[in-house]
Amino acid sequence: MTLIRLSILLVTILLTGCSTGYENDGNAVYYKSWNEGSGSHKDRLDADPKTFKVLTNERYAKDKSHAFFEGEIIEDVDAPSFESISEWFAKDKNKGYRTRYPVISSRGTTFKTIDNDWYSTDGVDIFFDTLPLHVCSAKNFRFVFNDNSEQLHPYRWTTDGCFYYYMHFKVPSKDYSDVVVYKNSGGLSKDKNYVYILDHKLNYDIDGKRVVDTIDAASFVVTGLLECRDKWGCFNPYHGRENCDKK
């Protein structure tokens, strides 16, 4: 066997061995998966072969009684009304789902995706992953930087016209018109009085412990991802004041 033919054979074997997805032989339903750490797996599902069907994106499937995401059963689902609406989202008559988890407080009949990956809505509220934002207006919800240029897709700034959000964290400013949010900052924002990280003031950590006495909002600027400074020097949201000369 020539080296080229041997290479083609090896590639074919590898590709075949790494295939994933649902398999229905008429007597039982299986889900084939593979990961680098433990290799290939083929697990039998608690599914009825006669009524089993793979839904449009192939991650979701269902039978007369159950629904599945990548071979994992989805709990407390209404199977007859269950349908996939994107690669990562699905719904039944009662609620929406992201992967196999219910989207908290969502309404299934009007549930739909916004960006197919992380954000969804039921027309009443907006959801990030499975968490509700409790927006003031679902109709006015939008991405602040709607050009997909923020560093990682989930980490995006959004607004409902009343507040700003970074993922599911709401900027706690009471002065919406004066808020400035910073692209690719890791969740930094400010108004005329305070500077914020995610959903709390920057001079406190996530547990409410004060890490620095004061951050000057007027002179505050962002210099990079989770890097910023004011008139008193450089600051890291997770380490406090830093020596600017080391940057």
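Which residues have the most contacts inside the largest nonpolar core?

1. This is a predicted model, and the points below should be read on that footing. Its largest nonpolar core has 31 residues, and those with the most contacts inside it are Ile126, Leu133, Trp157, Leu188, Leu202, Ile215 and Phe220. Strands β14 (126-128), β18 (164-166) and β22 each supply at least two residues of this core. In soluble globular proteins, nonpolar side chains tend to be buried together.

2. Leu202 deserves a separate look. Once its neighbours within four places in sequence are left aside, Leu202 is in contact with Leu188, Val195, Tyr196, Ile197, Val211, Ile215, Phe220, Cys228, Phe235 and Pro237. Apart from the 31-residue core lies another core, of nine residues, among them Tyr60, Phe69, Ala90 and Tyr97.

3. Aromatic residues also form pairs, of which the structure holds 18. In one of these, the ring centres of Tyr182 and Phe220 are 5.9 Å apart and the ring planes stand at 70 degrees; since an angle over 60 counts as edge-to-face, the pair is assigned to that class. The pair links distant parts of the chain, with Tyr182 in the loop between β20 (180-181) and β21 (188-190) and Phe220 in the loop between β23 (200-201) and β24 (221-224), 38 residues apart. Both partners fall under the 20% limit for burial: Tyr182 is buried at a relative accessible area of 17%, and Phe220 is buried at 2%.

4. One aromatic cluster is formed by Tyr60, Phe69, Phe82, Trp88 and Tyr97; of its members, Tyr60, Phe69 and Tyr97 are also listed among the residues of the nine-residue core.

5. Two placements of a charged side chain over a ring may be checked in the model. The charged end of Arg156 sits over the ring of Phe143, at 3.7 Å from the ring centre, while Lys170 lies over the face of Phe163, at 4.2 Å from the centre of that ring.

6. Four strands form an open sheet in the order β20-β21-β22-β23, with antiparallel pairing. Strands β20 and β23 stand at the edges, and each has a single partner strand, so one side of each is left without a neighbour in the sheet. Within this sheet, β22 (residues 195-197) and β23 pair in the antiparallel sense over two bridges, and Tyr196 stands opposite Lys201 in β23.

7. Towards the start of the strand numbering, β1 (residues 21-24) and β2 (residues 29-35) pair in the antiparallel sense over four bridges, with Val29 in β2 as the bridge partner of Asn24. These strands form a hairpin with four residues between them, and Gly26 in the turn has a positive phi of about 95 degrees. Strand β2 also pairs with β3 (residues 39-44), in the antiparallel sense and over six bridges; here the bridge partner of Trp34 is Ser40 in β3, and the hairpin that joins β2 to β3 runs through three residues.

8. Two backbone positions call for inspection. Asp76 has a positive phi of about 55 degrees although it is not a glycine; Asp76 is found in the loop between β7 (72-73) and β8 (83-84), and at 65% relative accessibility Asp76 counts as exposed. Ser105, likewise not a glycine, has a positive phi of about 65 degrees and lies in the loop between β11 (101-102) and β12 (112-113).

Notes
Residues numbered from 1 in each chain as written. Predicted model: local features only at pLDDT ≥ 70, side-chain atom pairs only at ≥ 80, totals over all residues. Heavy atoms only, no water. Phe/Tyr/Trp six-rings, centres within 6.5 Å; stacked < 30°, edge-to-face > 60°. Buried < 20%, exposed > 50% of the residue type's maximum accessible area, 1.4 Å probe, protein only. Lys NZ or Arg CZ within 6 Å of the ring centre and 35° of its normal. Pairing = 2+ DSSP bridges. Core = buried A, V, L, I, M, F, W, Y, C linked by side-chain atoms within 4.5 Å. Contact = heavy atoms within 4.5 Å.
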